[in-house]
Amino acid sequence: MKRIVKGISGRLGSMLAIILMLVMLGPAQSFAQKPELIPVALLGDLTGPYASVVGPMAPGAEDAVKYVNEKLGGIDGVKLKLTVKDNTGQAALGLQQYAELIATKPKPLFFGVPHTPTAEALRDKVRQDGAIGFFPSSIADLYPQGNTYGFYELYAGMAATAVKWVKDNWKEDRNPRIAIITWDQAYGKAILTPEFFAYCKEIGVDIVAQDLFGVRDVDLTTNLVRIRAQKPDWLLTNCTGSGPVGIMRAVKELGMDVKLLNMVGGDWGTIRLDPSLFEGCISVLHNISYDSDDHPGVKLVKQYLKDNNRSIKEQTNFYILGWQYILMIHKAMSDAVAKVGWDKTTVQSIMNELNHFTDWQPLDGVVKITYTEKIRSTPWLVIYKVEGGKLVPAGGKGGDGNFVSAPDMTPKQFR
Amino acid sequence: MLSLVPQFFVSGLLTGSVYALIAVSIVLVYKSTRIFNFAVGELLALGGYFCYSFVVWFHFPLWLALVGALLMAVVTGLLVERLVLRPLLGQPLLTIIMATLALSVLLRGIMLMIWTGYDVAFPKNLLPGKTVVVGSVAMSAELLWAFGIAVVAFATLAYFFVKTQTGLRMRAVSQDHELAMSCGINITVVFALTWVLAVILGTLAGSLMGYRLALAPSYTPLLALKAFPAVIFGGLDSVTGALLGGLIVGIIESMVGGLIDPTMGEISAYILLLAVLLIRPEGLMGLKRIERV
Amino acid sequence: MWRPCGIFDDTYEKDISIVRTLPQQVLTITGLIALLFLPQLLGAGRITTVNLIGISVVSIMGLNILIGLTGQISLGHSAFMGVGAYTLVMLMNHLGFSFWLALPFSVLSAGLIGLLFGLPSLRIKGFYLAMATLAAQFLIPWIIVHVRPDLTGGTSTLNIAAPSILGFTFDSQVRIYYLVTFFAVASIVLTRNLQRSKIGRAFVAIRDNDLAAEIMGVEIFRYKLLSFFICSLYAGLAGALWAVWMGAINVDSFTLHESIWYLGMIIVGGLGSVPGAVFGVIFIRALEPFSHYIGPPIASYFPDAIGAAIKSGISPFVFGLVILVFLIYEPRGLGHRWEIFKHFYRRWPFSY
Amino acid sequence: MISILSVNQIEVSYHKVIQVLKGVSIEVREGQIVALLGANGAGKTTTLKAISCLLRAEAGDITGGDITFMGKRIDRSMPHYIAKTGIIQVLEGRRVFPHFTVEENLRAGYLGSSGESDIREKLETVYSIFPRLPELKHRVCGFLSGGEQQMMVIGRALISNPKVMLLDEPSLGLAPILIAKIFEIIKRINDEQKTSILLVEQNALAALEIADYAYVMENGRIVMDGPAEKLQENEDIKEFYLGLSSVGSRKSYKEVKHYKRRKRWLS
Amino acid sequence: MVADGNIKLEVEGLSLSFGSVMALIDVSFRAREGEILALIGPNGAGKTSLLNCISGFYHPRHGQVRFNGLEINRVSPSRRAKLGISRTFQNIELYKGLTALDNLMAARHVFIKYGPVAGSIFFGKARKEEIENRSIVEEIIDLLELAEARHRVVESLAYGLRKRVDLGRALALEPKLLLLDEPMAGMNVEEKEDMARFILDIQELKHIPIIIVEHDMGVVMDISHRVVVLDFGTKIAEGSPQEIKRNEKVISAYLGKANQSGERAK
């Protein structure tokens, strides 16, 4: 009998203990007028399929919190506290983590969710729970506008900017021919909106092919052979990591003479995988390149990368996005507190500040942000060309200095 | 479009050789242990990472890195067999299959710890050769190498199984465990050897594809999903079948993807799989011992 | 079926009932009351996970019938849940159905699709059949994404309105909890009943000896299909609840990975045992967020350089390791342990 | 004659619960044929598997007693070790590797590592004992007839020159003519190769004819043993295993309704 | 003894082949109400194949099986079970994960009418039917002295007990024709005596034709009314046990050796 009891208490007991611990664990905090801390949440896919894009955002936000708390004195003296959760690309896990965070006291007012399916699932919940969400910019995350903001321009807007750049630099009589080849999932297909296709038609760019491929496709020769038959001048994609590598590899092997137009996925994380492949390709980013060595904002960010022993793999535009996220919170909330005082600071008053960001340039202009009541994705973009493994400005019309303003791709019903 | 058929065919064939490597890896384990190895994807990614690390961290030439990765594959195979499968010997099969699933999660964790979740890529131009163009058909040097290495691997494997006493014993074990034991065959050694071979094949596939594209714990293991229909095409029991199945899946995927719609490439393999299962449930080369009503 | 010492059944009616002794009745009622107040006990934060557990219990009850009782393997369970979820959302969003009107359709549609993919069981079984259902796991998402993206949303997410009944809207996780718990308890009771009925016996007969079953009058093919059908009905219901739980559905939620994990829950729980399956669900569903919860603190015990490196991988590592160790020490599943515990209790105080 | 294999009071249970053997002792002396008789489920096969250590694969355990072979304890070993030391079991039901040819099957039984020439030599020895086998050597075993399979199976066991051969029901499901032939071969192997044989049989008559010594098992126990000639004369054996106690004088099955006869050695 | 009742089962010109091997060649015989018909012959003579043809598992190439005057050649095994053809198996094909009681209840399948929905709710009609059928099964448990095995999983039962559960399961089908495939294989004399007693009891109670395949000549000669002898797939003799014992053909093909050795070994 003893043996049995021991067996049961040994095994079943440990199982139960795990479950019980899960039940019991849970922080409890009290609420104050002027809070002791301002909790900020980041729920991202840090190790799953989007990791190479999203992953560096967590260290970016961590470093920025350090910067805000140490250098800027927090928000009116109150420090930010960042909680990072990794949902490994599963919306269901993201929802659970969100629910757990929103139930803590004080609850975080800000949720950065750089993962499209999770963001899409949380859009309505964030509004219901009276928090503010910063999401990647597919239309379904942001509209109808509620408490949601895009980290950057809509993917379709970026694509339109890229296409416009091609048109602007076009020398021949005929229309430029562009072939789309992109990932067959939410992020990859976020550029394929009716507004985008209408815009292409409007400015005189021919979309000659649309090809989709899967994340686990290892050889894109077949896709590119199909595309080659349509004789495109440029390829347009919205993917990252192995995606663009696969495309350009097949392009090279087939001896095609086309270059790639990419969005945020075409940043350093991708290009570093094989710089020679991407020579001459275009990336539409929302921030200044790390290669602008004498830019003070870039210097600051690089200093933090170095001081915190970040690896080169974390030196990507999502690292900067982490900074942007924290700095936006800092500015909006500081302004709100300065205007109405702590006791009247509400989500609405913070959103009032956010909605009046106009050409705000944190980090000395590494990024440029404009939000309005209607426009929830900041339209400022920089167009870069890959040259010698570096991202150098490719110029572009319709902006000031480095930044260009993206054509408005907001769906008509939400304008 | 029809003029492109030769290109589609060749591309499919070359990629199919990599699928075949994975399919054979699955079949080897299934044949001798009746275990469907759900961890094959993670094992192949791990192999790819080993090869990458030898190149990048220790600056080995590629061939030596591959040899190193294969040695690591031997170690991994032995460890997997010893730590995961042997303690479960004699337990219900589904439990062991479940254990391979848990193993895949565990391996993912290990990969994330060592190499992080970010994409990594090999330095380029380690493999000699340029794209070969025959007529209108272009063949990538890397895929040709992959094809060549796969062919060598299969030839070695065939020689090993047919000509050596150990190979004979392994084949014997795959037919009847108890009988093999009664004949004095040490089946734990055979199982360990099976896992080693399976991990070696996975390592080859992982290294080749990792070299061609990039490696990440999230998508590199997904490559294994490509091999699942290949395995059934050939019949779970047949190494030759898995080999052919891999090539066929590669070709179908490329042909359907090229001629109809690229997104249909992958599911066309599964549709055909359903058809094969209904018409010839034991697969193309499956043995008659199949479970059937 | 063993009863505690000294308790005998004097009618067959008593012998076949599930809850028969006073302590059992007391326990059942206390358990149900505890379920009612669980949200208050656990707090709103954890109830989301509890809801997922409830949904998975519904789902696993179906799979338990198919795998545990009938002995057929399905690797497409998550896809069948997707069918239920998408049917529900499309009926609600495009045809303006209420949740309660759409629910039967979504359950039925999943059942019928499951039936369709069960057809190969006419000719094949074992792992080959599993591979046929694997095809479902690739075909169904493909159809959702590519055939009518205007209706299904393609790869992007479809949001739905919260269902309501008699003015009570299930718009928060605590409220959804009651909806989910109702269906979870109902499916446990229904499965338990089905198991001890004619149908359950026929299923087990097919699992244990299909030739004998046929000769003893069981129409094998019909019952295999029935099993697939019932299994997928549960999947459809679980899918519909999933849609309510998330408030939104995306094709990414219904992956092969999920399907394999449902299989895993059954195995961790112990094949064919209803309480085991429930334990299995709780074990896996609680362990995953838990591993993400404890992962970072564990990593922080290590020196900085190592800690930073292992932080990203610690959660899956813990998750995989716990399951592996569990399987090695308890290969017959939690249900088996539960049986031993019950056995011990019943003989108490006369054990050994 | 010296005893080379001795089983001492072993107890075996499956899944740590179901006890199958309850103290079984058997002795095999050098050059002997020992028969182990008994009805279905008596524990004969389990005894053989306990010796060859194949039990473990079926979740069976030796919970008491020991087994020694040439003075060494072997009950804690692995099956392949047992085979290497010279005990080969021929499993019940003519188990062949069905997809192998005859020659591959025989090779699979080869345990040495001395290379091709040694294998050839051993193969020739087997072929000389079974002249039918060389004709079949490239045929796939699954398609052979029962008798041919049985010869192949015994041949495979012989290829590594075992000191003791454990034969499990070699006559099962064979035509009477073949049964006679198989027993003749067993006797010949015993004579010519000096292999000791432990023979499990239900066909008590045929087994006692070639055996030197025999044990009778019932419900996991040895209930009787003795030299074969003696057992052949035993009344109980005659009645219960040979059915010899004259059809005429035996009580008809029709009249057993309310009458049960107990075995003498049990009551 | 009754051996001249109505003809229940007619087998006419049955031939069965596996590939090129002929398992049965033109076999005909009849079984009457209330008789025990033994089917004997050496291993591989086609006895089990013949049973499989009657229970519908094999489909004969030629010939007919008629049951109660009904041609059942194209009827599926499960339909035949509904008609009342029930059998036991040579190697005990029980549902090993179920208890003895559930094994018997599973055989009541064809008598229980409620559907899946009622089964899931398990109230009212379903409950009533369960209890009705349970009492029938309990009678069989009484008859075959299976009470101790009632709630035990059959996998854990002893061989002899499992054989009895197998018989009980066949009885639970309320057979109108009972086929027993080597019910005494591997038993010792004592167990054989028990089994013989059960078979005779059943014959007395139910008054149905029982076809029994058995190797033990003692049993066959004692309890059967008529004997059919098969050799290499053909019927070589048919008649009362006394006639069979004297039949020259049978002696040379089968009993001859058996007489020599007393009983033919299995």
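User: What makes a residue part of the contact of chain B and chain C, and how many does each chain give?
Analyst: Contact means heavy atoms within 4.5 Å. By that rule, the contact takes 45 residues from chain B and 44 residues from chain C. This is a predicted model, where local features need pLDDT of at least 70, side-chain atom pairs count only at pLDDT 80 or more, and totals for chains, interfaces and linings use all residues. Side-chain values use heavy atoms, with hydrogens and water left out.

User: How do you know what area is buried between chain B and chain C?
Analyst: Buried area is the accessible area (1.4 Å probe) that two parts lose on being put together, summed over both. Here that comes to about 4,300 Å², and carbon and sulfur atoms give 81% of the area.

User: What does the salt bridge rule find across the interface of chain B and chain C?
Analyst: The rule asks for a side-chain nitrogen of Lys or Arg within 4 Å of a carboxyl oxygen of Asp or Glu. Across this interface it finds zero salt bridges.

User: Why is chain C called as compact as a globular protein of its length?
Analyst: Happily, there is a rule to set it against. First, chain C has 16 helices and four strands (DSSP runs: H or I of at least four residues, E of at least two). Its radius of gyration, taken over C-alpha atoms, is 21 Å. The globule rule, 2.2 Å times the number of residues to the power 0.38, gives 20 Å for 352 residues; the two values are close, so chain C earns that description.

User: What share of chain C counts as buried?
Analyst: With buried set at under 20% relative accessible area (1.4 Å probe, protein chains only), 62% of the 352 residues qualify.

Methods: Residues are numbered from 1 along each chain as its sequence is written. Chains are lettered from A and ligands numbered from 1 in the order in which they are written. Buried means under 20% relative accessible area, exposed over 50%, partly exposed in between (1.4 Å probe, protein chains only).
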